[in-house]
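This report covers one helix, one pocket and one charged side chain. The sequence and the structure come next.

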Amino acid sequence: MLSIFFEDKVINFTACKLQAGYEELAPCDLTIAKVLQKLENSKPLAVISPDYVALFEKFCAQFALSEAAGGVVENPRGDVLMIHKGRWDLPKGHREQGETWAGCAVREVGEECGIEGVQCGGFVARTWHTYIFEGVWTLKKCQWYAMRYDGPMALEPQLDEQIDDARWVPREELPAVAEVSYRTIRNVLGNYNSLRRAQDTVNAHPRVECKTTKNN
């Protein structure tokens, strides 16, 4: 399934029927104006088709496109780094020409939070969300990575990017902070927590090498 967010409202593209609580949208209605009109009723939208990827790409082509990358950063205590820019968010930013996705994520985390030496781990999620920039509907594709920061530097929010706070959020407080964040961020954190639990399960059950003996 592929999803595009209009702030906290979403249109899903999928080959399979979804659970109740959404409105199905016909492919012929895939225009920005029509989708905005349909989203006014606050129900999620779903485009259901075997060709959902092609329909997703066709809808994306109606927007100006932007690329960004960011990270879910943990410290040794397991706290998660979040920034405040109108709402609580995860650090991310625009990918420059020729820059790798992971390189962009590390740079942007450092710039937005004033730290150096962030270690980039595995891929977490890919999101798409929309916004209006200079009167033009824009679609931002963002790739997210798991990261780690063990350094001593104090956080310094990037004020010239309208970031007024950056802090380490203890894991037990994360659900409440995520609840007042963007729906895309809740999805990213959900993916991250699932990957983290899976890794914890692997670590808790180390591989045992079985040795066989040859019968004489």
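In this predicted model, helix H3 covers residues 101–113, and at 1.5 Å a residue its 13 residues should span 18 Å; the end C-alpha atoms are 18 Å apart, so the two values agree. Glycine 114 follows H3 and has a positive phi, near 70 degrees.

The buried residues of H3 are Trp101, Cys104, Ala105, Arg107, Glu108, Val109, Gly110, Glu112 and Cys113. Strands E5, E6, E8, E10 and E11 are among the elements that cover them.

| Strand | Residues |
|---|---|
| E5 | 64–74 |
| E6 | 80–85 |
| E8 | 92–94 |
| E10 | 136–148 |
| E11 | 165–169 |

H3 also contributes to the largest pocket, where it supplies at least two lining residues, as do E1, H1, E6, E8, E9, E10 and H5. The space in this pocket is about 740 Å³. Its lining consists of 29 residues, and the largest share, 4 residues, comes from E9. Asp89, Lys92, His129, Tyr131 and Lys140 are the lining residues that lie nearest the centre of the pocket.

Lysine 140 belongs to strand E10. Which side chain of opposite charge is nearest to lysine 140? That side chain is glutamate 112, 7.9 Å away; lysine 140 is buried and has no salt bridge. Glutamate 112 is itself one of the buried residues of H3. Apart from neighbours within four places in sequence, lysine 140 is in contact with Ser66, Ala68, Thr127, Trp128, His129 and Tyr131.

Key:
Residues are numbered from 1 along each chain as its sequence is written. This is a predicted model: local features need pLDDT of at least 70, side-chain atom pairs count only at pLDDT 80 or more; totals for chains, interfaces and linings use all residues. Side-chain values use heavy atoms; hydrogens and water are left out. Buried means under 20% relative accessible area, exposed over 50%, partly exposed in between (1.4 Å probe, protein chains only). Lys and Arg count as positive and Asp and Glu as negative; His and the chain ends are not counted. A salt bridge is a side-chain nitrogen of Lys or Arg within 4 Å of a carboxyl oxygen of Asp or Glu. Contact means heavy atoms within 4.5 Å. The expected span of a helix is 1.5 Å times one less than its number of residues. On a 1 Å grid over the protein atoms alone, a cavity is a set of points where a 1.4 Å probe fits but cannot get out, and a pocket is an open set with protein on both sides within 12 Å along at least five of seven lines; lining residues have an atom within 4 Å of a point. Grid points are joined across faces, edges and corners, and a volume is the space filled by probe spheres set on the points.
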